[in-house]
Number of protein chains: 6
Amino acid sequence: MAGDVPKGTDMATLGLIEYDQASPEVRAVYDDIMATRKTDRVNNFWKAIAHDPTTLRRTWQSVKEIMDSGALDALTKEMIYVAVSVTNQCNYCIASHSAAARKAGMTDSMFAELMAVVGMANETNRLASGYQVEIDEQFKT
Amino acid sequence: MAGDVPKGTDMATLGLIEYDQASPEVRAVYDDIMATRKTDRVNNFWKAIAHDPTTLRRTWQSVKEIMDSGALDALTKEMIYVAVSVTNQCNYCIASHSAAARKAGMTDSMFAELMAVVGMANETNRLASGYQVEIDEQFKT
Amino acid sequence: MAGDVPKGTDMATLGLIEYDQASPEVRAVYDDIMATRKTDRVNNFWKAIAHDPTTLRRTWQSVKEIMDSGALDALTKEMIYVAVSVTNQCNYCIASHSAAARKAGMTDSMFAELMAVVGMANETNRLASGYQVEIDEQFKT
Amino acid sequence: MAGDVPKGTDMATLGLIEYDQASPEVRAVYDDIMATRKTDRVNNFWKAIAHDPTTLRRTWQSVKEIMDSGALDALTKEMIYVAVSVTNQCNYCIASHSAAARKAGMTDSMFAELMAVVGMANETNRLASGYQVEIDEQFKT
Amino acid sequence: MAGDVPKGTDMATLGLIEYDQASPEVRAVYDDIMATRKTDRVNNFWKAIAHDPTTLRRTWQSVKEIMDSGALDALTKEMIYVAVSVTNQCNYCIASHSAAARKAGMTDSMFAELMAVVGMANETNRLASGYQVEIDEQFKT
Amino acid sequence: MAGDVPKGTDMATLGLIEYDQASPEVRAVYDDIMATRKTDRVNNFWKAIAHDPTTLRRTWQSVKEIMDSGALDALTKEMIYVAVSVTNQCNYCIASHSAAARKAGMTDSMFAELMAVVGMANETNRLASGYQVEIDEQFKT
């Protein structure tokens, strides 16, 4: 499939697989993504990894299962996703999951507090390791 | 102060400053930590960075301000803290903030979902960068 | 053992779920791990995440699917696993996957070269970002 | 071009040193890079760090020594390089070493499996640390 | 405030708050930044986080307190900032703090040595963890 | 000791190569380490990687060349090493390079300021990426 995709300057490694280029297996995943998310758009992430239908299917099934509301609601999960992505400096994930969190109800104030916690946690993580702090007895089971 | 601390095998870089060894400036922070958290114990983290009273005071003030309930509740903030600490592999912070999150109401089910999201986000962060996915136009505004 | 451990609000870990304590759902995964890996032992990793049977099942299915020989052989995959774990400083994963790689045929010489590549890649990653090197035109398609 | 670029105190990058601007010392490294890699092109990475001929020489000598076929073949080493670069989110290195791996024989299927392993390892690294899993006795020598 | 900012393709998440759009509280911080740094320009970083005046104020106060000359001079502190930013692959921070370090007196030779140390430390960090090196007894007190 | 340790397929570490077990090639590096550092002790790091004499030699030569006083003095370099190691959460490297920095003259006050800068840089790195701040025009060459 990769060989069929015309390569341009705005492409991912292997390019993006658009719906009308996709195999039935890939289309089935795209359809489920759009139905689950109630949208008619599939993000570039899925179109890029669609070059590997096995990874596409497994990743989507996992994301779908994990991100659904459960003991934690969908908004909290999206904010946790952003927290991880910001810590890892993954620009694509920061952009897409910040958008998803807003769609799930994150307000400007919630975003501001999310960033403040993420920043502070990254700071104290290093103070703890730099000062080589031993874990308190009561935190060891 | 560091010079007064008897060094043993279980010490942080500079050792821990216990309450009765602490200067009035450090004691005032310890007192505020215990009053704010409604506990009679100060974690090793604070006792370790107390060797630098300026950092102790500033870090505590920041943590106190940031972690208080606001647009996000205290439990959500503690789980975000755990998410960052796990991503950074900071063992001390994982232990102490998992305990803090449980104290704030995190159940086993919530912990399980938190871990699942953190794991998946760390995975897709790398798929996004490895496939060199371009940010979708609609996420760029 | 998890059930035997008195848990308090300060407790961080959940303990390990041994086979004879496990639910049928968890035992089924343990059985498949032992059968697939031709061993009578289940690593602590699985016994720890067994507190969340959903994550246990999904993670094992993914690992089983991904780590099996395909376009890349099992040894190469284990060495890539080690490369990631070393880069992330995950001590548990370094220990367990180095052992797995050796079991799959990694010699001392292969380990030595693996470490050399991982070290050098971590170095040049930072030289590239520190010197703010632009991606070459020919790598952009 | 570096010499032609008017530099101010706000300037971050030093520009690239092209062959015809380069000192004999730098040219000797460029010549060896092109001869070793059987190409007439020197990547931007080398042209950027050429501002420090000592680092250029040492880094090239190390890369040349490490990446040559030995107990591990050149393709395996390039894929390990990509695994590290993806984990670190180094965009330059992902682009250049993915290209190098393809040149060394990495197929689309191999790339797909490489990404799957890197993604999964990044996920389980965090599950291991988040669940605070103790290293199994048999993995401790 | 965010709602008032016209969004364009080159914007941060919430856009940038320019001086003449800013509230008195935000302007006071901008004024202090310009006075402290003896410049008539406020970097995009501050204009972006100004959407959260609390974080803006706290972060600026902390940065101002920490980066001032003390036991370590301002140039050394800026180089340490660059070392962290390069290790984390934070492109914005690399660009802005490299510029700040140059303004504080960092020469090309100092930059070259800084990069060499950062690169080498990132390499040996992984050799140490990959070889699972135990901490020497004399470093444990 | 490595030779004395019965090794099985599950074994991860290779043990340490002590001086009197070492080959002439390894001893020559140990001798140079002790002579250069004016000590009669070789750190565990070198004894661990000595299982790969090529990596031992190359790493020592690079470290020796890079860490020597130049445009930056030896103490500044050691502190930069600590900054990187703390950011990466490499416990071995934090312990050994904090000791080296102290030996090179780092006082408690300098250590405290080093930690404060490292913590703050790790925080603002994430605020910059989380708010998706664009690089200021004046920082782009």
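**Stop 1: chains A and B**

Select chain A and chain B together: 63 residues of chain A are in contact with 63 residues of chain B. Keep in mind as you look around that this is a predicted model. Between them, the two chains bury about 5600 Å², and 70% of that area lies on carbon and sulfur atoms. Now highlight Val117(A), Tyr131(A) and Phe139(A), the residues of chain A that lose the most area to chain B. Together they account for 12% of what that side buries.

How is chain A superposed on chain B? Turn chain A by 180°, with 0.0 Å of shift along the rotation axis, and it lands on chain B with an RMSD of 0.0 Å. The same surface serves both copies, as 100% of the contact residues of chain A recur in chain B.

**Stop 2: a helix from each chain**

Next, select residues 108-130 of chain A, which form helix α6, and residues 74-87 of chain B, which form helix α4. Their axes lie 9 Å apart, and the helices pack at an angle of about 45°. That angle makes α6(A) oblique to α4(B). The crossing of this pair is right-handed.

Which residues of α4(B) meet α6(A)? Show the side chains of Lys77(B), Ile80(B), Tyr81(B), Val84(B) and Ser85(B). On the α6(A) side, the residues to show include Glu113(A), Leu114(A), Val117(A), Val118(A) and Met120(A). You have already met Val117(A), one of the three residues of chain A that lose the most area to chain B. If you colour the whole contact by class, you will find eight nonpolar, four polar and two charged residues.

**Stop 3: two helices within chain B**

Keep α4(B) on screen and add helix α5 of chain B, residues 91-103. These two pack at an angle of about 160°, with their axes 9 Å apart. α4(B) and α5(B) are therefore roughly antiparallel to each other. Their crossing is left-handed.

From α4(B), pick out Leu75(B), Glu78(B), Met79(B), Tyr81(B), Val82(B), Ser85(B) and Val86(B). They meet Cys93(B), Ile94(B), His97(B), Ser98(B), Ala100(B) and Ala101(B) in α5(B). By class, this contact has nine nonpolar, three polar and one charged residues. Pause on Tyr81(B) and Ser85(B): both take part in this contact with α5(B), and both also belong to the contact with α6(A).

**Stop 4: chains E and F**

Hide what you have and bring up chain E and chain F. The contact takes 62 residues from chain E and 61 residues from chain F. About 5500 Å² is buried between these chains, 71% of it on carbon and sulfur atoms. Val117(E), Tyr131(E) and Phe139(E) supply 12% of the area that chain E buries against chain F, more than any other three residues.

A rotation of 180°, with 0.0 Å of shift along its axis, superposes chain E on chain F with an RMSD of 0.1 Å. That is the relation of a two-fold axis. Of the interface residues of chain E, 97% are also interface residues in chain F, so the copies meet through the same surface.

**Stop 5: a helix pair between E and F**

Finally, select helix α3 of chain E, residues 53-67, and helix α6 of chain F, residues 108-130. Their axes come within 10 Å and cross at roughly 150°. This crossing is left-handed.

Show Thr55(E), Thr59(E), Ser62(E), Val63(E), Ile66(E) and Met67(E) on α3(E), then Ala116(F), Val117(F), Met120(F), Thr124(F) and Leu127(F) on α6(F). How many of the residues in the contact of α3(E) with α6(F) are charged? There are no charged residues here; the contact divides into seven nonpolar and four polar.

Definitions and conventions: Residues numbered from 1 in each chain as written. Chains lettered and ligands numbered in written order. Predicted model: local features only at pLDDT ≥ 70, side-chain atom pairs only at ≥ 80, totals over all residues. Heavy atoms only, no water. Least-squares fit on C-alpha atoms with pLDDT ≥ 70 in both. Contact = heavy atoms within 4.5 Å. Axes fitted to C-alpha atoms, helices over the stretch in contact; angles between N-to-C directions. Helix = DSSP H or I, 4+ residues; strand = E, 2+ residues; numbered from the N terminus. Parallel < 35°, antiparallel > 145°, perpendicular 65-115°, else oblique. Left-handed = near helix turned anticlockwise from the far one by under 90°. Nonpolar A, V, L, I, M, F, W, Y, C, P; charged D, E, K, R; others polar. Buried area = accessible area lost by both parts, 1.4 Å probe.
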